[in-house]
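Student: Could you take me on a close look at the cavities of this model, and then at the sheet? I would like one connected account.

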Amino acid sequence: MTLTLPAGESSSVLSSSGSEPTARSSARPVTSSHRADITRWMAGLHDELTSFFGRLDRGGTFTEDRWERPGGGGGVARVMTDGVTFEKAGINRSAVMGTLPDAAAKRLGGTGATQGSTMFFATGVSLVVHPRSPMVPTVHLNVRYFELTDEQGRVTDRWFGGGTDLTPFYPHEEDPRTFHQALATMCDRHHPAFYGEFKAWCDRYFVNTHRDNEARGCGGIFFDHLRPDDPTHGRDAEALQAFVSDVARVLRFAYEPIVERRRDEAFGEREREFQLVRRGRYVEFNLVHDRGTTFGLQTNARVESVLMSLPPLAMWQYAPRYAPGSFEARLVAMLAPRDWLSAH
C-alpha cells in the first residue's frame, strides 16, 4: 500500500535544520481517506513486528488491549509479560487527533495555525523489548507520522519521525557493530547521508543530561521532522514512507542476530544486578527526557500505553562505583559515541 499525502498542502513549514518557515502557499483540507490509509499502513507494521517478536521469543504470547483516547482516536497495545527470552515486550500503535496544547506544540517543533487553534493527527508504532538475560541488549524502535492543521482542516505542517537504538548491559562490542552495520546498510539504500546524520542525532538525543551526559546505550538512528519534498534530502512522501517502512523492519537484520548469539550465554547475580541498575537509567531517560512520553502525557493519551516502555524490574543504587577493568566499567566506557562501522 502506498501512502498518498494530499497534493498542494505544503505550507509554512520548518526545515529539518530548524530554520524559519518558508512562504505560505495554498493548502487543501486533509481528507479522511488519506488518514485512513496512513493508519492502515501503521497497523500493518504493527502486525509484522508483533509476529517477529513472537517468533523471536520462542514461546511467549502477546495480550492485546484496545483503548480509546478522550478527544479523538485510540490505539492497540500488545504486551508480553512472561516470555521465554523477553521478560517484557511491548508493541503499541496509536492514531490520535485533537487540539494541540501550546506546550506540546512548542516541544514538537512544527508550524501550527497562525490564528486560532492548531489541530493534530499523529499515528505510529513504538516498541521496547526488555530481555531476561543481561547478555541480550534491550532494544527500542519507533516510527511515526505527524500532521498539523488549522481549524479549517488545512495542513500547516507534516513530517515523519522515528528510529531505533540498542541498550546493552554487557560489553560485547560485536553487538553494537552488528546493529549499526545493519542500520547503515538499510539507510544507504535510501539516501547516502541518512545513516551518518541520523546516527549523530541519536547520539545526541538518548543522553541522560542530568547524569553528566551519560549515554543511555550504544545508539542507533533517530530522526524527526523528515518532511516530504524538503530540499535538505529531496525525498517525496512515497520515498519517505519506504524508508520508514524499512526502519520498522530492520530489526530482523540488526537485532535478531544478537539475540541468537547471546540468548544461551551464562550469567550470574552480579550481571543481573547490573542489568537492573542500567534499567534504572533507562527509566530515568524515558520519564525525564523522552519526547514521546511527554507528548503522550500532555495530550491525554492512555497512561498504560505511554509508560509501556518501562521495564518490569529496575534498581537504583546510591552512587555506584566500578573497579577499573571490570565488565561494569567496560560497559559504561562502551557507551561513549563512536564510529561502530570501523570499530575493532
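Tutor: Gladly! Let us begin with the largest cavity, which has a volume of about 820 Å³ in this predicted model. Its lining is made up of 44 residues, and those closest to the centre are S126, N142, D290, G292 and T293. By class, the lining of this largest cavity divides into 18 nonpolar, 18 polar and eight charged residues.

In total, the structure holds three cavities of 30 Å³ or more. The second largest has a volume of about 70 Å³. Here 13 residues form the lining, with D203, A215, G217, C218 and G219 closest to the centre. Nine residues of this second lining are nonpolar, two are polar and two are charged.

Now to the sheet. Seven strands build an open, antiparallel sheet, and their order is β1-β2-β3-β4-β5-β6-β9. The edges are taken by β1 (63-68) and β9 (220-226); each has a single partner strand, so one side of each is left without a neighbour in the sheet. On average, neighbouring strands of this sheet are turned by 5° against each other, direction ignored.

Within the sheet, β5 (residues 138-149) and β6 (residues 155-167) pair in the antiparallel sense over 12 bridges. As one point on that pairing, V139 stands opposite L166 in β6. Strand β6 is also touched by helix α4 (residues 194-205), which packs on the sheet and touches β9 as well. The direction of α4 makes about 100° with that of β9.

One link back to the cavities is worth a look on your screen: N142, in the list for the largest cavity, falls in the residue range 138-149 of β5.

Note on methods. Residues are numbered from 1 along each chain as its sequence is written. This is a predicted model: local features need pLDDT of at least 70, side-chain atom pairs count only at pLDDT 80 or more; totals for chains, interfaces and linings use all residues. Side-chain values use heavy atoms; hydrogens and water are left out. Two strands pair if DSSP finds at least two bridges between them. Helices (H or I, at least four residues) and strands (E, at least two) are DSSP runs, numbered from the N terminus. Axes are lines fitted to C-alpha atoms, for helices over the stretch in contact, and angles run from 0 to 180 degrees between N-to-C directions. Contact means heavy atoms within 4.5 Å. On a 1 Å grid over the protein atoms alone, a cavity is a set of points where a 1.4 Å probe fits but cannot get out, and a pocket is an open set with protein on both sides within 12 Å along at least five of seven lines; lining residues have an atom within 4 Å of a point. Grid points are joined across faces, edges and corners, and a volume is the space filled by probe spheres set on the points. Ala, Val, Leu, Ile, Met, Phe, Trp, Tyr, Cys and Pro count as nonpolar, Asp, Glu, Lys and Arg as charged, and the others, Gly among them, as polar.
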